[in-house]
Amino acid sequence: MTRPIISPTRPIVVLTGAGISQESGLDTFRCAGGVWSKVRLEDVATPEGFRRDPELVQEFYNARRRSLTEPHIQPNPAHHALARLEKEWPGGVLLVTQNIDDLHERAGSTQLVHMHGELLKVRCLRCDDIMPWARDVTMDTPCPQCRRAGGIRPHVVWFGEMPLEMDRIGDALDGCVLFVSIGTSGHVYPAAGFVAAVRQRGLAHTVELNLDPSDGASLFNEAQYGPASELVPEFVDELLTGL
Ligand code: APR
C-alpha cells in the first residue's frame with residue numbers, strides 16, 4: 001500500500017518492544033537465546049512466582065538492573081530518531097513502550113508511557129510509594145518512605161497484572177493519524193491489540209518496523225523488515241522531510 005499523506009498537525013503513536021533495544025545490547029524475550037529461553041516467566045514475571053520465591057524474583061530484576069546500568073548499554077540510533085520525531089513533529093508523538101529499560105528517556109523522549117513499568121523504579125507494597133531505584137533489592141530492604149522491610153517489589157507489570165496508563169494509551173490510539181509498531185513480536189496483549197484498535201477506527205495509517213514479521217504483521221498497511229537502528233532513522237527522516 002502506498003503511504004497516504006500524513007497531516008503533520010495530527011498526532012502519531014509509536015509502540016516499541018524489546019527489539020528496539022536489542023542493538024543496544026539488551027536481550028529480547030522470544031528471539032533465540034532470549035530472556036524466556038533462560039528462565040521460566042512463570043517463576044519471575046508473575047505475582048504467583050513472587051509469592052512462591054520472592055528472592056528469586058528480586059535477583060532476576062537485580063541482574064537486569066545491573067546490566068542496564070553498565071556503561072556500554074546506550075541508546076541506539078532508533079531511540080535517538082524517535083526522540084527527534086517527538087521534537088520535530090508538529091502534531092505531537094506519544095511513545096508507548098513495553099520496555100522497562102530507560103533508553104528512550106536517555107535518548108531524549110519525554111512523551112513516553114512505560115505500559116509494563118520501569119526496571120529503575122520499585123514500589124512498596126506497604127505504603128504504595130513508587131521510587132527511583134538503581135541498586136539491588138532483597139526482601140530485607142527497608143522502604144525509605146515507610147521504613148518497613150519486606151514490601152519492596154520491582155515497579156514492573158507482571159503477567160496477569162494490568163498494564164499502566166491504558167486510558168491515556170486508548171485516547172492516543174483513538175486520535176492518531178499514524179501508528180508505528182517497532183521491535184515487538186505482537187505476542188503479548190493488550191499491546192498486540194493496538195493495531196487492530198487503530199484499524200477499526202479506519203482513520204490512521206499503520207506501519208510495522210521489525211526484524212521479522214510479527215504475529216500481527218497482516219494487520220499493518222505498511223511494513224519494513226530489518227534492524228531498527230537502520231529502519232527507524234530512515235523512516236523518521238522520510239516523515240520529517242515531507243514537513
Ligand atoms: N531490530 C528490530 N526488531 C528486532 C531486532 C532489531 N535489531 N531484534 C529483534 N527484533 C524483533 C524480533 O523480530 C521480535 O519480533 O523484536 C521482537 C522482540 O519480540 P519479543 O522478544 O517478544 O519482545 P516484545 O514484543 O517486546 O515482548 C512483549 O512480553 O515478556 C513480555 O513484558 C515482556 O514487554 C515484554 C512483552
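**Exercise 1. Decide whether Phe50 is buried or exposed, and describe its ring pair with Trp158.**

Phe50 has a relative accessible area of 11% and is therefore buried, where buried means under 20% relative accessible area, exposed over 50% and partly exposed in between, with a 1.4 Å probe and protein chains only. The model is predicted, so local features need pLDDT of at least 70 and side-chain atom pairs count only at pLDDT 80 or more, while totals for chains, interfaces and linings use all residues. Residues are numbered from 1 along each chain as its sequence is written, and side-chain values use heavy atoms, with hydrogens and water left out.

The partner, Trp158, is likewise buried, at a relative accessible area of 2%. Rings of Phe, Tyr and Trp (its six-membered ring) pair if their centres lie within 6.5 Å, and planes under 30 degrees apart count as stacked, over 60 as edge-to-face and the rest as tilted. The structure holds 7 aromatic pairs; in the one formed by Phe50 and Trp158 the centres are 5.2 Å apart and the planes stand at 45°, so this pair is tilted. It links distant parts of the chain, since Phe50 belongs to helix H3 (residues 47–52) and Trp158 to the loop between strand E6 (152–156) and helix H7 (166–175), 108 residues apart. Helices (H or I, at least four residues) and strands (E, at least two) are DSSP runs, numbered from the N terminus.

**Exercise 2. Classify the pair of Phe179 and Phe220, and say which parts of the chain the pair ties together.**

With 6.4 Å from centre to centre and 10° between the planes, Phe179 and Phe220 form a stacked pair. Phe179 lies in strand E7 (residues 178–182) and Phe220 in the loop between strand E8 (205–210) and strand E9 (222–225), so parts that are 41 residues apart in sequence are tied together. Phe179 counts as buried at 1% relative accessibility, and Phe220 counts as buried at 12%.

**Exercise 3. Find which residue has its charged end over the ring of Trp158, and which residues ring pairs link into a cluster with Trp158.**

The charged end of Arg153 sits over the ring of Trp158, 3.7 Å from its centre; the criterion is that NZ of Lys or CZ of Arg is within 6 Å of the ring centre and within 35 degrees of the ring normal. Ring pairs link Trp158 into a cluster with Phe29, Trp36, Phe50, Phe60, Tyr61 and Phe159.
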